[in-house]
Amino acid sequence: MMSSVQKKVVEAVDKHRDSAIDFLRSLLKVPSVTGKEKEVQGIIVAKYNEIGLKVDMWDLDPDQLAKAPEYVETGHSYRGRPNLVGLLKGMGGGRSLVLNGHVDVIPPEPREAWDIDPWGAEIREGKIFGRGASDMKSGIATMVMAVENIIKAGVKLKGDVIIETVIDEEYSSNGTLGCILRGYKGDAGISCEASDLEIQPSATGSMWFEITVQGRSASMSRIWEAVSAVDKGYRIAQAVKEYQEIRLSEKTHPLYKDPRAALACFVGMFNAGTYPSSSPDVCVIKGRIGLLPSENPLRVQQNFIDYIRKVSDSDPWLKDHQPEVYFKGYRGEPAEIPVEHPINNTLKRCFKDVTGKEPVVKGHEGATDARVLIKYGIPTTIFGPGTITQMHATNEWVKVDNFVDAMKVLATAITDWCGCR
């Protein structure tokens, strides 16, 4: 049952529903593709100043980040791409809470595939459309507006609330790592990534791989002497698919009843050749491997390399010209906290109080910055309004009702966790 304080907060969310939707739409109208996050952070700063939060905005220091084992080299500059923290200081005597989300989004290309303007933030049939609607500007707006409505309801929290809106998540977790290295920590954390309003105490891992396959070029007049890198690359691409099937038959986890999304392993890029009438002698394959929370990334990497080698050994050409396998680019380790951790129980209780329904508890199908928070001793769960099937999707959307419910659940959970007077 909700307390009188929590009822006031829920009433505030209902009263200011339209302004919260307007705030989300203002975020969606900014094309904050990774590398261009400054403008959208400016909108959030303005909101923090309006509601009285303490603001800390800074550019990441790559030299400092590089000293941490969680750092991922992306080749991107961080100049003019600020990280941002808004702090609501508590009165003392309560538990602190980190709210974490990323402001960068992936490009909407090809634009012609969209039925609407990806930066238009249109509302149709109870949904708000736009790049980042689910991943994860609705989560960002949920965090900010939940705190704003606590303030508008006149509630004084005991514990601190730290809102982190970070950059570069689509390529790394360097933004969240930067918050950790700057000293921002809490007794627990909530990542408002897309979760379909499910409570998700675990997140899968994700690693990008690159495989170089050698062929042998020959004159177009002696094409029979060539060994096509396309043909040999295709065999390795098939091996990646086979490896996926093997993992699906072997790997299990209690929070992933259907592990297909968690373990998604596939080829995303296949490049060979430089000229139409020349047989290609090199093929480069790039793709992704998903990992369950119970898996060791280094062990999976070696297992993958061994399987590619095994397949190559059965091919007359490849056995003597072994493909080279690298793991480069995005690297997100899996992570989890106990299902019965107090932060999960708080969310479960508040979800039922707000919606009248039992919450769904399962694993998140994708890598998130929650892993960095967990790694540094901040037990973090995932809860947000976005829809997992809309992440990186054309015509991306989020349900308005899910956004409003997420604000209510999060706001009541903050009062429960942090305590109030």
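**Close-up views of a predicted model**

**View 1. Helix α6 and the residue after it.** Gly-183 follows α6 and has a positive phi, near 105 degrees. The model shown here and in the other views is predicted. Helix α6 covers residues 174-181, and 7 of these 8 residues are buried, so the helix is largely enclosed by the rest of the structure. The buried residues are Asn-174, Gly-175, Thr-176, Leu-177, Gly-178, Cys-179 and Ile-180. Strands and helices both serve as packing partners for the buried residues of α6: the strands are β1 (54-58), β2 (83-88), β3 (97-102) and β6 (161-166), and the helices are α4 (62-65) and α10 (370-375).

**View 2. The largest nonpolar core.** This core has 81 residues. Ile-44, Leu-97, Leu-99, Val-161, Ile-190, Phe-383 and Ile-414 have the most contacts inside it. Helix α11 (residues 400-418) gives the most to the core, with 12 residues. Apart from the core just described, there is a second, separate core of 23 residues, which includes Cys-283, Ile-285, Val-300 and Trp-317.

**View 3. Ile-190 and Ser-191.** Ile-190 is among the residues with the most contacts inside the largest core. With neighbours within four places in sequence left aside, Ile-190 is in contact with Leu-97, Val-98, Leu-99, Asn-100, Ile-343, Leu-347, Thr-380, Thr-381, Phe-383 and Leu-410. Ser-191 is found in strand β7 (residues 188-191). Its relative accessible area is 1%, so Ser-191 counts as buried. Not counting residues up to four places away in sequence, Ser-191 touches Asn-100, Ala-370, Thr-380, Thr-381, Ile-382 and Phe-383.

**View 4. Phe-403 in helix α11.** Phe-403 lies in helix α11 and is buried, with a relative accessible area of 0%. Leu-197 is 206 residues away from Phe-403 along the chain, but the C-alpha atoms of the two are separated by 9.0 Å. Residues up to four places away in sequence are again not counted in the contacts of Phe-403, which are Ala-20, Ile-21, Leu-24, Ser-138, Ala-141, Thr-142 and Pro-385.

**View 5. Two cysteines without a disulfide partner.** The count of disulfides in the model comes to 0. For Cys-283, the nearest cysteine sulfur is that of Cys-265, 16 Å away, and Cys-283 is in no disulfide. Cys-283 has 0% relative accessibility, so this residue counts as buried. For Cys-350, the closest cysteine sulfur is in Cys-420; the distance is 11 Å, too far for a bond. Cys-350 is also buried, with a relative accessible area of 1%.

**View 6. The largest pocket.** About 1,100 Å³ of space lies in this pocket. It is lined by 35 residues, and Ser-206, Trp-208, Phe-266, Arg-288 and His-392 are the closest to its centre. Four strands each supply at least two lining residues: β9 (205-214), β10 (265-272), β11 (282-291) and β12 (324-332). The largest share, 4 residues, comes from β9. By class, the lining has 15 nonpolar, 10 polar and 10 charged residues.

**View 7. The second largest pocket.** The volume of this pocket is about 250 Å³. Its lining consists of 13 residues, with Tyr-243, Arg-247, Glu-250, Lys-251 and Asn-303 nearest the centre. Two helices, α7 (229-250) and α8 (297-313), each supply at least two residues of the lining. Helix α8 gives the most, with 5 residues. The lining divides into 4 nonpolar, 3 polar and 6 charged residues.

**View 8. The cavity.** A search of the whole structure finds 1 cavity of 30 Å³ or more. About 40 Å³ of space lies in the largest cavity. Its lining is made up of Gln-200, Pro-201, Ser-202, Ala-203, Ala-335, Thr-368, Ala-370, Arg-371, Ile-374, Thr-380, Thr-381 and Ile-382. Strand β8 (202-203), helix α10 and strand β14 (380-382) each supply at least two residues of this lining. Sorted by class, the lining has 6 nonpolar, 5 polar and 1 charged residues. Among the lining residues, Ala-370, Thr-380, Thr-381 and Ile-382 are also touched by Ser-191.

Methods:
Residues are numbered from 1 along each chain as its sequence is written. This is a predicted model: local features need pLDDT of at least 70, side-chain atom pairs count only at pLDDT 80 or more; totals for chains, interfaces and linings use all residues. Side-chain values use heavy atoms; hydrogens and water are left out. A nonpolar core is a set of buried Ala, Val, Leu, Ile, Met, Phe, Trp, Tyr and Cys residues joined through side-chain atoms within 4.5 Å. Buried means under 20% relative accessible area, exposed over 50%, partly exposed in between (1.4 Å probe, protein chains only). Contact means heavy atoms within 4.5 Å. A disulfide is a pair of cysteine sulfur atoms within 2.5 Å. On a 1 Å grid over the protein atoms alone, a cavity is a set of points where a 1.4 Å probe fits but cannot get out, and a pocket is an open set with protein on both sides within 12 Å along at least five of seven lines; lining residues have an atom within 4 Å of a point. Grid points are joined across faces, edges and corners, and a volume is the space filled by probe spheres set on the points. Ala, Val, Leu, Ile, Met, Phe, Trp, Tyr, Cys and Pro count as nonpolar, Asp, Glu, Lys and Arg as charged, and the others, Gly among them, as polar.
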